[in-house]
2 protein chains.
Amino acid sequence: MNISAVADAAGLPVKTVRYYSDIGLVPAPTRSDSGYRSYDDAAVRKLVFVRRAREFGFSVGECRELLGLYEDRHRSSADVKRIATRRLEEIAEKQRELQSLHDELAHLVEACRGDHRPDCPIIDGLEARRTAAPE
Amino acid sequence: MNISAVADAAGLPVKTVRYYSDIGLVPAPTRSDSGYRSYDDAAVRKLVFVRRAREFGFSVGECRELLGLYEDRHRSSADVKRIATRRLEEIAEKQRELQSLHDELAHLVEACRGDHRPDCPIIDGLEARRTAAPE
DNA sequence: CTTGACCCTCCAGCTACTGGAGACATTAGA
DNA sequence: TCTAATGTCTCCAGTAGCTGGAGGGTCAAG
């Protein structure tokens, strides 16, 4: 399989497939005589796995870990669960942040008449808000 | 005021204060004879404004817009409301994504025994998940 | 034999900073 | 007054995770 075929099969852009072997996230494919990358089904499975893990928000580093565990027939499910649970906590934390952000901003937006007049509670709120809540 | 004083007052790192005038987000400060940046209270107010807007998740580009509106005594509150509302929609969208991500991953984590045995529903789920939900 | 679709490598850029090197300025203490 | 510590300057490079483009070689159809 050429790179565009495997990219289609894995649901990734060609550039990204190339990138993933450049950084060693997936093994470097064999090459044809003319230098074209040549992939097999195992490569597709790994790329799909990586794409899904990325969609779940796992970092490339975590994908590397997970891919190692994915390939290791002897690893315990506890190893995987540890990484996934950490990720779950990050998601929950992000959700809490977004919620407070949303509430504060929604409050300001509701207070703003949104007409032609210049006074605007949103601007005032940005100027004077007391607590920090980074995204 | 020297840069570290203004950075403290604005709640930003020195590097970031420098950066913000490098990219023209805030006006370039005057300089002392020895070349030190010299800030006034207006600069602090703008930097605080930017910091708060960034904490709300507005991009630097949006901060630029908002800062323009902040300084424009003749702008209508509708202009501001438009930007804030867009941002609010982005936040809501992100929340929905995170929620479905959370639910899916939580489901996998719950299904995983997390013991020494190798079979793991999380890995299987990453391999086989049907729909994409990028963060 | 030409045209167009692939493929290659390498370099640059994106966001929003952050860290560090090397050099000059200022200030507090002895 | 000298010195050491801190503060500041500029410039370069790196972070994550790609993405776009230039400039070239390859391959298959007509």
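**Note on a predicted protein–DNA model**

1. In the surface near DNA strand C, the residues fall into seven nonpolar, six polar and six charged. The model under discussion is a predicted one, and the points below take up the two DNA strands in turn before passing to the two protein chains.

2. Which residues come nearest to DNA strand C? Among the 19 residues around this strand, the nearest are R37(A) from one chain and K15(B), T16(B), Y20(B) and R54(B) from the other. The elements that supply two or more residues to this surface are α1 (3-10) and α2 (14-22) of chain A, together with α2 (14-22) of chain B. The largest share, four residues, comes from α2(B).

3. On the side of the DNA, 71% of the atoms of strand C that lie within 4 Å of the protein belong to sugar or phosphate, while the rest belong to bases. Three side chains can be followed to phosphate oxygens of DNA strand C: a polar side-chain atom of R18(A) lies 2.8 Å from one, an N or O atom in the side chain of R31(A) is 3.0 Å from one, and a polar side-chain atom of T16(B) lies 2.8 Å from one.

4. For DNA strand D, there are again 19 residues around the strand, and those that come nearest are K15(A), T16(A), Y20(A), Y36(B) and R37(B). By class, the surface near DNA strand D holds seven nonpolar, six polar and six charged residues. Of the strand D atoms within 4 Å of the protein, 68% are part of sugar or phosphate, and the rest are part of bases.

5. Where does the side chain of K15(A) meet DNA strand D? One of its polar atoms lies 2.3 Å from a base oxygen of that strand, whereas the side chain of Y20(A) has an N or O atom 2.7 Å from a phosphate oxygen of DNA strand D. From the other chain, an N or O atom in the side chain of R37(B) is 2.6 Å from a phosphate oxygen of DNA strand D. The elements giving two or more residues to this surface are α2 of chain A together with α1 (3-10) and α2 of chain B, and α2(A) has the largest share, with four residues.

6. Turning to the protein chains, 57 residues of chain A are in contact with 56 residues of chain B. The area buried between chain A and chain B is about 4,900 Å², and carbon and sulfur atoms give 66% of this area. Although the count of salt bridges between chain A and chain B is zero, the interface does have 12 residue pairs in polar contact, with both residues of each pair at pLDDT 80 or more.

7. The side of chain A that touches chain B receives at least two residues from each of α3 (41-55), α4 (60-71), α5 (77-111) and α6 (121-128) of chain A. Of the elements, α5(A) gives the most, with 20 residues. The residues on this side divide into 29 nonpolar, 10 polar and 18 charged.

8. How are the two copies related? Chain A can be laid on chain B with an RMSD of 0.1 Å by a turn of 180° and a shift of 0.0 Å along the axis, and the two copies are therefore related as by a two-fold rotation axis. The same surface serves both copies, in that 98% of the contact residues of chain A recur in chain B. Within chain A, the residue that comes closest to the rotation axis is Q95(A), whose C-alpha is at 3.3 Å.

Methods
Residues are numbered from 1 along each chain as its sequence is written. Chains are lettered from A and ligands numbered from 1 in the order in which they are written. This is a predicted model: local features need pLDDT of at least 70, side-chain atom pairs count only at pLDDT 80 or more; totals for chains, interfaces and linings use all residues. Side-chain values use heavy atoms; hydrogens and water are left out. Contact means heavy atoms within 4.5 Å. Buried area is the accessible area (1.4 Å probe) that two parts lose on being put together, summed over both. A salt bridge is a side-chain nitrogen of Lys or Arg within 4 Å of a carboxyl oxygen of Asp or Glu. A polar contact is a pair of N or O atoms within 3.5 Å; within protein, one must be able to donate a hydrogen and the other to accept it, and residues adjacent in sequence count only if both atoms are side-chain atoms. Ala, Val, Leu, Ile, Met, Phe, Trp, Tyr, Cys and Pro count as nonpolar, Asp, Glu, Lys and Arg as charged, and the others, Gly among them, as polar. Copies are superposed by least squares on the C-alpha atoms of residues with pLDDT of at least 70 in both. A residue is near a molecule or strand if one of its heavy atoms lies within 4 Å of it.
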